[in-house]
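Trainee: I am new to this structure and would like a close look at a single part of it. Could you pick one helix, take me through it slowly, and then show me how its surroundings fit in?

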Amino acid sequence: MKSRVLSFLFLGGFLFSWEFFCRFSDIQPFILPAPSRILFIIEKEAPLLLRHGTATAIEILLGTALSVIAAVILAAAMFIFPAAEKALAPLLVASQAIPVFALAPLLVAWLGYGIGSKILMAAVIIFFPVTVSLLQGFKSCDADLARLFSAMGAGTWKTFRLLYWPWAMPYFFAGLRVAVSVAAIGAVIGEWVGSMRGLGFLMMQANARLRTDLVFASIAVLSALSIFLWKIVCFFEKKYVHWVDTTNSL
Amino acid sequence: MIEVKNFTKSFHNRLVIGDFSLFAQEGSLTALLGPSGCGKSTFFDLLMGNIPRDGGNLFLSGKEVADLKNIAAFMAQKDLLLPWLTLRENALLPVSVKKNPSSSDFREAEELFEILGLSGSADLYPRHVSGGMAQRCALARTILFRTPIVLLDEPFSAVDAITRQTLRSLLLLLRSRFRKTLLMITHDVEDALLLADSIIILSSTPMTAREKLAIPTPKERQQGDPSLQEKKERILAMLQENVS
């Protein structure tokens with residue numbers, strides 16, 4: 001409760017200072033609009049923001065789903081077959097060295113201006129933290145528990161399903177929390193490079209017309225979307241990882 | 001009846017278990033008593049087939065077997081309860097890994113929980129119960145392996161003195177009721193004297209059997225029993241020699 005009040009006070013103080021600065025300085029609204037102006041634009045352009053926000057949200061959700069499926073398969077394969085980990089780990093790390101800005105035009109060229117290239121962009125950004133967290137989770141399992149399962153005569157699949165998978169769940173959700181927070185970056189970069197809808201597209205259009213207030217309104221909607229997705233992950237984490245206290249986790 | 005003949009194991013050319021043999025009668029409790037790090041847990045790993053042995057044979061009722069996987073239950077010093085399962089689900093885990101537990105399995109678990117004083121706690125999660133209750137649940141799980149042999153790896157070393165006393169009594173009760181053959185690793189002389197039919201004193205690495213002591217006294221043993229006191233002093237002297 002105390003931390004929520006502090007967070008609210010901090011945000012309130014920041015917005016108030018911003019508003020104060022915009023009202024009592026010479027700064028032009030097309031350079032930095034006041035928070036009240038951004039709120040006004042959010043209200044005025046709500047249908048437009050909702051339409052483009054929905055497109056971005058769909059890209060993020062489908063990108064997350066795609067990356068989670070791929071991460072689960074790859075992390076499980078690397079855990080069960082150590083040779084696969086040795087072979088794939090360098091490629092996985094190298095894939096993170098590729099700047100997403102360099103990848104985005106290629107994906108648009110390959111998959112077109114449609115939703116596919118944006119989903120893949122979001123998936124590429126999310127994939128790594130989820131895979132690494134999950135693999136770390138599998139590996140951190142107590143060796144004595146593995147001995148116990150072996151003594152019970154549990155096969156690989158049973159041991160994986162009943163022991164390693166639930167054991168790795170807190171790690172998986174930790175990775176997913178980070179992933180959904182950054183997934184928006186991938187989707188928006190994809191939209192910047194080439195698209196006809198989405199908050200990234202709206203930002204580019206607004207920026208070209210010096211509608212800085214609309215750019216900020218798009219950023220605010222994008223931030224709200226990320227916080228909403230993060231909260232959804234936290235909700236499922238609390239529901240499915242009930243044995244771990246996640247109260248203080250970020 | 002378990003017979004271990006000349007087990008040997010080396011790690012990186014260092015002999016850890018040297019020509020170790022053991023004979024345990026059906027329904028008996030044999031305690032393996034030795035200093036920490038002498039190779040006791042490695043011996044259990046060899047028995048369970050978790051690691052391959054370099055030499056030696058294993059016989060079960062006269063028949064040679066490779067290891068005790070699926071034949072022996074295993075209980076460690078940690079309760080090893082899965083935090084995402086309730087106590088009942090944890091106890092039934094050895095059944096769950098093979099099939100969906102039936103109503104008779106649930107009944108059996110209920111009966112065991114009754115004996116172990118856990119009947120009101122079956123639906124609680126491990127984080128909601130004390131260390132002693134968790135260890136009692138681990139004991140129930142060990143029984144529900146439904147194997148004729150039980151390997152106990154310092155099962156009471158992580159609990160307080162009062163809980164230890166309770167667990168000892170419960171172990172004896174379960175043993176007489178389910179007629180299991182038990183091998184128990186311990187470095188607690190009292191655990192060995194109060195529970196075992198025979199005690200094998202182990203040497204430090206490489207682990208070998210130094211001496212085998214039979215404890216013919218009845219099962220209801222008291223800590224202050226003079227005959228046990230005399231044995232305790234003898235064992236402690238032997239262990240002391242081992243260390244020095």
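Mentor: What follows is a walk around one helix of chain B, and then a look at other parts of the two chains. Please keep in mind from the start that this is a predicted model.

Let us settle on helix α5 of chain B, which covers residues 131-143. How far should its 13 residues span at 1.5 Å a residue? The expected figure is 18 Å, and the end C-alpha atoms of α5(B) are 19 Å apart, so the two agree.

Next, is this helix mostly covered or hardly covered? α5(B) is mostly covered, with 11 of its 13 residues buried. Taking the buried residues in order along the helix, you will find Met133(B), Ala134(B), Gln135(B), Arg136(B), Cys137(B), Ala138(B), Leu139(B), Ala140(B), Arg141(B), Thr142(B) and Ile143(B). Notice that Arg136(B) and Arg141(B) are among them. The cover over these buried residues includes β6, α2 (87-91), α3, α4 (103-115), β7 and α6 of chain B.

One of those covering elements, α6(B), deserves a longer look. This helix takes in residues 161-178, and its axis comes within 11 Å of the axis of α5(B). The two axes cross at roughly 15 degrees. An angle under 35 degrees counts as roughly parallel, and α5(B) and α6(B) are therefore roughly parallel to each other. Their crossing is right-handed. On the α5(B) side, the contact is made by Gly131(B), Gly132(B), Gln135(B), Arg136(B), Leu139(B) and Ile143(B). Facing them from α6(B) are Thr163(B), Thr166(B), Leu167(B), Leu170(B), Leu171(B), Leu174(B) and Phe178(B). Sorted by class, this contact has seven nonpolar, five polar and one charged residues. Gln135(B), Arg136(B), Leu139(B) and Ile143(B) appear both in this contact and in the list of buried residues.

Now step into the loop between α5 and β7 (149-153) of chain B, where you will meet Arg146(B). Phi of Arg146(B) is near 60 degrees, a positive value in a residue other than glycine. Arg146(B) has 13 C-beta neighbours inside 10 Å, so this residue counts as partly exposed. Chain B offers another such case in Ser61(B), whose phi is near 50 degrees, again positive in a residue other than glycine. Ser61(B) sits in the loop between β4 (55-60) and β5 (63-64). Because Ser61(B) has 10 C-beta neighbours inside 10 Å, this residue counts as exposed.

Another residue of chain B to visit is Arg210(B), in strand β10 (residues 209-214). With 16 other C-beta atoms within 10 Å, Arg210(B) is partly exposed. Leaving aside neighbours within four places in sequence, Arg210(B) is in contact with Ile201(B), Leu202(B), Ser203(B) and Met238(B). The C-alpha atoms of Arg210(B) and Phe20(B) are separated by 9.8 Å, although the two residues are 190 residues apart along the chain.

Two of the elements that cover α5(B), namely β6 and α3, also bring us to the other chain. Where chain B meets chain A, 18 residues of chain B are in contact with 14 residues of chain A. The elements giving two or more residues to chain B's side are β6 (72-75) and α3 (93-96). β6(B) gives the most, with three residues. By class, that side of chain B has 13 nonpolar, two polar and three charged residues.

Across the interface, chain A has 10 helices and zero strands. Of its 250 residues, 36% count as buried, and its C-alpha trace spans about 75 × 50 × 30 Å along the principal axes. For a contrast with α5(B), try helix α1 (residues 2-23) of chain A. Its 22 residues should span 32 Å at 1.5 Å a residue, and its end C-alpha atoms are 31 Å apart, which agrees. Yet α1(A) is hardly covered, for its count of buried residues is zero.

Chain A also has a helix pair to set beside the one we began with. The axes of α3(A) (residues 46-80) and α8(A) (residues 156-193) come within 9 Å and cross at roughly 145 degrees. This crossing is right-handed. By class, the contact of α3(A) with α8(A) has eight nonpolar, six polar and one charged residues.

Methods
Residues numbered from 1 in each chain as written. Chains lettered and ligands numbered in written order. Predicted model: local features only at pLDDT ≥ 70, side-chain atom pairs only at ≥ 80, totals over all residues. Helix = DSSP H or I, 4+ residues; strand = E, 2+ residues; numbered from the N terminus. Expected span 1.5 Å × (residues − 1). Buried ≥ 20, exposed ≤ 12 C-beta atoms within 10 Å, placed from the backbone. Contact = placed C-beta atoms within 7 Å. Nonpolar A, V, L, I, M, F, W, Y, C, P; charged D, E, K, R; others polar. Axes fitted to C-alpha atoms, helices over the stretch in contact; angles between N-to-C directions. Parallel < 35°, antiparallel > 145°, perpendicular 65-115°, else oblique. Left-handed = near helix turned anticlockwise from the far one by under 90°.
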